[in-house]
Amino acid sequence: TDHGISITVHMSSAKIRQLKSYLRALPPDLELVNPKDTEAKVNRLLDFGLDEEWIQDVGEEGAVNREIEVALQKFLPRNDSGIFFITQRGKGVEALADVLEYWVDKLPDSIVLQSWLQSSIDSARKCIQSHGQEVCSSLYSIRRLQNLDGQLPTVLEASTKTKETMPHQTTLDGSTHYREQLQKTKVYKKPETKVLNSQEDPNYIDTDESDDERKGGRKIFPLLKKITRPCHAVNDQTKKIVRCVASKGCRTSWGWPRDKTRILKHAMSCGYLANIAGGAELVQDAIEELARKQPSSTTLKRSKTEPVIHNLAKSETSGKLTVQHTTRKSDSLGQYCTEGKKILEEKANSALVELIVCCGIAPRIIQHQKFHNFVNVLNQNYVPPSRTKFEDSLVPSYAAATQVTVIDYLKSCRDLMLSFDGGKLGKKKFFSIHVIAQLRELLAFMSLSTYTLDCFDMAREDLHIPRGLQSIGETRFGSIYWSLDSVLQGIPAFKRIVRDRELGIESEMLHRLFDDDEDVFIFQRDLKRLGTILMPVAHAIQCLEAKETNPADVYTYWLAIVAHFQDLFTKDDMAKDKSKYSNHLKEMIRAIINCRFSELIENKRASNIYLTAFVLDPDNRAAPIINNPNPLAIPSITITREKGKPTQVKAKAEMIDGIGISLLRLLQKEYGNEYREGRSVEEAKTAMQEINPYLSNHNPREAIAALKNQFRAYLAGIDPFNRKRGHNESLREYWFRLVHDEESDVLA
């Protein structure tokens, strides 16, 4: 085994040297990427690091594979021969060899990294050959076929040149320095929150903002000074750059001078910038500025007639001086053509963005010669934008204009219901148990082994298993259930491919899980038990994504979850000796559910919105569950004892009283401080006409009295609340019909 490893390492070292030689001698007509350009993804290879969450999800090998794919995104996908298409050169591209050298040495048995190494060599060789150069595999040398002046160095020469003679040599001084750097910073830990404690960044040294004293040209856009800071990198103080004021979190910087389009594009979506003091206004200003660049959001006034010029001319007939009113054509034909081309370009670019974005077409089609031929047939005066301009300028402007339009439309609407799934705020690690660790390991291996996955898919189709494997996604709680469910359905296919020795699947993990029927039974049993716990929550999350969902449904689905656990625990208690879940586990689950109920349902800051909406559904107003909204909780009681009097036991105050208080809080928020001291009643009513026209006819005192009476009438089912909701009538439609009735207007 040791001898086999030594041979592998020796072969890998030879391949690394070959790859380094090829990358240093890439054709000079390729785009040269500035190593300080943080927008260029290939430069991630210069500061290569692994995300610890990816390490946890797919292992170290999978995390390396993922980071390389992100860095080489512009060169992918690979073809059937494993070749990707290199379109750039520079220090970032050359660093690929250093990254592979470090990780292949650290993970010598990794098939994935060996595949990357061979693919990189083949891709670099293909790139060199496709630019009219010849690669000599025996000497690793290159010579031009068409240009014989010998200006291009051979691979052998390139591999021996020093930093001083090579214009785009990697900044890493050999693999030893690179290893030391990787060992220090190989894992980048993301901040737990996007709220930064300061705008200082230890990776940069800020410099003073110099005054713009240029006499001509366009002055610097003021917003850029607020979003960015001029600085020097700590490890390179010779070059001036500019960083985002929230770079401590987003790690974003640009070259100097400032690039307005790239900076505004970043500011539009920088979550760290939005959370600093005054950051939300900066983000909004960036969005509005980008939106102004979208042709559809501006008024084109270039077609107007030029100003009228008054000329004095002598009449040929009368000999008198007269004023002639002529329309100035100021190089009229040339200016008309120029302005016409600008209008054509703006309109065509806008239509092109809508086509590619709305139809989901890959932006790389813009670079294709066939696309240019097609456009040329339609109109020779229109030149399609470059891919860089399309992605860095046109798309962000289109997105910003769309966002502004949507927000303006929402401002004109009433009775909006906005749903929010929590996003990535306050990430909490999912609890880790043995079967989840096995599930992660299995899915990570299948995502990395194309051969095994192909064998699995063929076996699955042969066994008529309709569903493939599903990986664990960002919404951890739900996706873990769907992932284990896909594995459960695919177990027969796993057993077939693992036990078929002719396929040559040598994964120790797969054989440990699926070789023996007893091991398969234990793995399947554990997955089913975990699935039984997660199933109701996963299905509830899925149901809440329905189009007609309203806040009342949140509590309805919560009741379904609680009913599932109550039924599960009751049956398990009756099983006694054959119980599947321990009492300790059941109490833990019960405690988690009760805690979540307090956070989600009994939330006074949110005015108990979900339970309140549940009660305001006329089908639920008399439901017994309202008096005990959390069936898994032990009802609380109050015991009072006074001298000479019998002991009194009182149950907790009825939930209906809490619903009434929640409605009063909502009413208070509607009125706000409009009826403040020093303001006339008419002024307050005018303001309420804008805020909530349905309440503008009532002052706060009248509205409170009306709300109390109407809520009591609603609970008792008194007219006009005695009407049942129609079969196809939504909850909003039911209440909207009661808005203009004085017996129900405030509650509605």
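These are my notebook entries on what I looked up in this predicted model.

**Entry 1: the chain as a whole**

I began with the secondary structure, and for the protein chain I noted 26 helices and 14 strands. I then looked up burial and found that 38% of the 748 residues count as buried. The exposed surface of the protein chain comes to about 44,800 Å², and carbon and sulfur atoms supply 53% of that area. For contacts between residues with a separation of 6 or more, I wrote down that 64% join residues 24 or more positions apart.

**Entry 2: salt bridges**

How many salt bridges does a search of the whole structure find? The search gives 35, and I followed some of them by hand.

I went to Arg262 and Asp37, which form a salt bridge with their closest N and O atoms 3.2 Å apart. This pair links distant parts of the chain, since Arg262 sits in helix H9 (residues 260-269) and Asp37 in the loop between strand E1 (31-32) and strand E2 (50-51), 225 residues apart. I checked how open each partner is: Arg262 is partly exposed, with a relative accessible area of 21%, whereas Asp37 has 18% and therefore counts as buried, the cut-off being under 20%.

Next I looked at Asp515 and Arg501, whose side chains meet in a salt bridge at 3.6 Å, N to O. Asp515 lies in the loop between helix H18 (508-514) and helix H19 (517-543), and Arg501 in the loop between helix H17 (476-499) and H18, so this bridge ties together parts that are 14 residues apart in sequence. Asp515 counts as partly exposed at 30% relative accessibility, while Arg501, at 56%, counts as exposed.

I also noted Glu674 and Arg679, where the N to O distance of the salt bridge is 2.5 Å. Is Glu674 buried or exposed? Its relative accessible area is 17%, so I entered Glu674 as buried, and I entered Arg679 as partly exposed at 26%. Going back over shared partners, I found that salt bridges join Asp37, Arg262, Lys265 and Asp392 into one network.

**Entry 3: a sheet**

I traced an open sheet of four strands, which run in the order E7-E8-E9-E10 with antiparallel pairing. Strand E7 (204-206) and strand E10 (253-255) stand at the edges with a single partner strand each, so one side of each has no neighbour in the sheet. From one strand to the next, the twist averages 45°. Within this sheet I looked at strand E8 (residues 228-233) and strand E9 (residues 236-244), which pair in the antiparallel sense over six bridges; the bridge partner of Arg229 is Arg243 in E9.

**Entry 4: aromatic rings**

My search of the whole structure for aromatic pairs gave 15. In one of them, the rings of Tyr555 and Phe614 have centres 4.7 Å apart and planes at 75°, so I recorded the pair as edge-to-face. Tyr555 belongs to helix H20 (residues 551-575) and Phe614 to helix H22 (residues 609-615), 59 residues apart. Tyr555 is buried at 0% relative accessibility, and Phe614 is buried at 5%.

Trp558 and Phe597 form a tilted pair, 6.4 Å centre to centre with 40° between the planes. Here Trp558 lies in helix H20 and Phe597 in helix H21 (residues 583-600), 39 residues apart. Trp558 is buried with a relative accessible area of 9%, and Phe597 is buried with 2%. Last, I noted that ring pairs link Phe456, Phe494, Phe514 and Phe523 into a cluster.

Technical notes
Residues are numbered from 1 along each chain as its sequence is written. This is a predicted model: local features need pLDDT of at least 70, side-chain atom pairs count only at pLDDT 80 or more; totals for chains, interfaces and linings use all residues. Side-chain values use heavy atoms; hydrogens and water are left out. Helices (H or I, at least four residues) and strands (E, at least two) are DSSP runs, numbered from the N terminus. Buried means under 20% relative accessible area, exposed over 50%, partly exposed in between (1.4 Å probe, protein chains only). Contact means heavy atoms within 4.5 Å. Accessible areas come from the Shrake-Rupley method with a 1.4 Å probe; for residues, only the protein chains shown count as cover. A salt bridge is a side-chain nitrogen of Lys or Arg within 4 Å of a carboxyl oxygen of Asp or Glu. Two strands pair if DSSP finds at least two bridges between them. Axes are lines fitted to C-alpha atoms, for helices over the stretch in contact, and angles run from 0 to 180 degrees between N-to-C directions. Rings of Phe, Tyr and Trp (its six-membered ring) pair if their centres lie within 6.5 Å; planes under 30 degrees apart count as stacked, over 60 as edge-to-face and the rest as tilted.
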